[in-house]
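Please open the model in your viewer and set it to show a cartoon, with side chains available on demand. The stops below are meant to be selected in order.

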Amino acid sequence: MTIGDMTLKKERKSRKSKHVVDEKAPLLPKRQDEDAGYDEFNGASFTGAVFNLSTTIVGAGIMALPATMKVLGLILGIAMIIFMAFLTDASIEFMLRFSRAGKTTSYGGLMGDAFGKYGRIFLQICVLVNNIGVLIVYMIIIGDVLSGTSSSGVHHAGVLEGWFGEHWWNGRTFVLVVTTLGIFSPLACFKRIDSLRFTSALSVALAVVFLVITVGIVVVKLISGTIMMPRLLPDVTDLTSFWKLFTVVPVVVTAFICHYNVHSIDNELEDSTLIKPVVRTTLALCSTVYIMTSFFGFLLFGDATLDDVLANFDTDLGIPYSSLLNDAVRVSYAAHLMLVFPIVFYPLRLNIDGLLFPSARPLALSNMRFAFITVGLITVIFLGANFIPSIWDAFQFTGATAAVCLGFIFPAAITLRDHHFMATKKDKILALFMIVLAVFSNVVAIYSDAYTLFKKNSGGGPRA
């Protein structure tokens, strides 16, 4: 053990018994046993931390990855996933290193340390925009899967409608009311993120269920000889197909965004030195799930792979029990998103509290404030998902910007600011690369979304 390691441990231990009261203060107490009476809590485990961080990463984006293989080919697509995992690890390492130097225990505190009050506020607004948008989209997807959706005059039946027929109790609004009151609200009431470790483990398991079903279908179709050889490299024939390669960059760049939960998980670990192994284990686990999902999803559907591969499971798979397998995939995916909800909600509540009540005592110590913010946010998300038809289009633009800011631009900007004079030349070059990639990804995402929206609203238009 080096002197630096011993200093780090002493530094960390000393933070258990005191709170900082300026903008660097954590939005949740460092340890809640002394302040809130949680005497039985001695710190989160390594496994629980890995499951919570993995659930933060593996959300709805997993269903868009097989389509990236269709555009990039298997070799380039898998290489991009691995590359982004390493880049995410580097950006989180920047965050943790400068957090230790500035003795900050929240992402907002880290931005405040580097850029002052307005840096912290900007970070909190980005978490607010990103996470509310993500949660509204999750709720919309859950409603679509369970109760069905209609577009362009065509109705796609939901799982419940397919099983029981059309009734008032399996209508979209009623199903989402029951889901909100019966699942989202109880899980959103936990004051520690470690309390969600079991639901997070189940969430990861449900993502694996989808993967196992896909692998099983591929094996059956391989045996029957109906699987075509997948494309290994991108099919570039003209300038249009070349530019199309860049449209999948935003999907891969934002696939590992989990930075807004790193500090909360770090704060609750029983051993603070475990956070780097937690991050790397999580990235390895999620990369494996992503690569296998992308590989087998593309292998199964080939050039027929849709932008959201879940839509491919709405058709005949050409094997026995096709309908049953389709329903199993859709139900497991909806349940997965239900359990991802509280993990994404947790940092949203902390950051909205820091934005509205920057000088108040930690949120976990005020039951009234905790309940008020929780009920208010869940209500906003529910109303947004049910009664604002164009909200998904709006969050396609704001969400892309907020996500790349949280994942790469902010950690890179903190490194370039180098408030504690500890960044190396290599760190600064990598930080510049992160910013360039993030800005490029965001521009492509905004252009692509705007073009798609224009075509949809004009009812056609020129081909891309």
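The tour begins with the chain as a whole, moves through several helices and their packing, and ends at individual residues.

**Before selecting anything**

This is a predicted model, in which local features need pLDDT of at least 70 and side-chain atom pairs count only at pLDDT 80 or more, while totals for chains, interfaces and linings use all residues. Residues are numbered from 1 along each chain as its sequence is written, and side-chain values use heavy atoms, with hydrogens and water left out.

**The whole chain**

Colour the protein chain by secondary structure, and 17 helices and two strands should appear; these are DSSP runs numbered from the N terminus, with helices being H or I of at least four residues and strands E of at least two. Of the 464 residues in the chain, 53% count as buried, where buried means under 20% relative accessible area, exposed means over 50% and partly exposed lies in between, computed with a 1.4 Å probe on protein chains only. Contact here means heavy atoms within 4.5 Å, and among contacts between residues at least 6 apart in sequence, 81% join residues at least 24 apart.

**Helix 9 and its end**

Select residues 197-224, which form helix 9. This helix has 28 residues and reaches 41 Å from its first C-alpha to its last, close to the 40 Å expected at 1.5 Å a residue, the expected span being 1.5 Å times one less than the number of residues. Step past the end of helix 9 to G225, whose phi is positive, near 75°.

**Helix 9 against helix 14**

Two packed helices are described by the angle between their axes and the distance between the axes. Add residues 322-356, helix 14, whose axis comes within 8 Å of that of helix 9 and crosses it at roughly 155°; axes are lines fitted to C-alpha atoms, for helices over the stretch in contact, and angles run from 0 to 180 degrees between N-to-C directions. Helix 9 and helix 14 are therefore roughly antiparallel to each other, on a scale where angles under 35 degrees count as roughly parallel, over 145 as roughly antiparallel, 65 to 115 as roughly perpendicular and the rest as oblique. The crossing of helix 9 and helix 14 is left-handed, meaning that the near helix is turned anticlockwise from the far one by less than a right angle, whereas clockwise would make it right-handed.

Now show side chains at this contact: among the residues of helix 9 are L202, L206, V209, F210 and I213, and those they meet in helix 14 include L325, V329, H336, L339 and I343. The residues of this contact divide into 14 nonpolar, five polar and no charged, with Ala, Val, Leu, Ile, Met, Phe, Trp, Tyr, Cys and Pro counted as nonpolar, Asp, Glu, Lys and Arg as charged, and the others, Gly among them, as polar.

**Helix 3 against helix 9**

Keep helix 9 and select residues 46-57, helix 3, which packs against helix 9 at an angle of about 55° with the axes 8 Å apart. Helix 3 and helix 9 are therefore oblique to each other, and their crossing is left-handed. G48, F51, N52, S54 and T55 in helix 3 meet R197, S200, A201, S203 and V204 in helix 9, and the residues of this contact divide into three nonpolar, six polar and one charged.

**Helix 12 against helix 14**

Return to helix 14 and add residues 259-268, helix 12, which packs with helix 14 at an angle of about 90°, their axes 9 Å apart. Helix 12 and helix 14 are therefore roughly perpendicular to each other. Y260, N261, S264 and E268 of helix 12 make the contact with I343, V344, Y346, P347 and L350 of helix 14.

**Three residues to centre on**

Centre on C258, in the loop between helix 11 (249-253) and helix 12. C258 is buried, with a relative accessible area of 0%, and, not counting residues up to four places away in sequence, touches L53, T56, I57 and I92.

Next take T68 in helix 4, residues 65-72, which counts as buried at 1% relative accessibility. The C-alpha atoms of T68 and F298 are 230 residues apart along the chain and separated by 8.9 Å.

Finish at S441 in helix 17, residues 425-458. S441 counts as buried at 1% relative accessibility and, leaving aside neighbours within four places in sequence, is in contact with V249, P250, V253 and V404.
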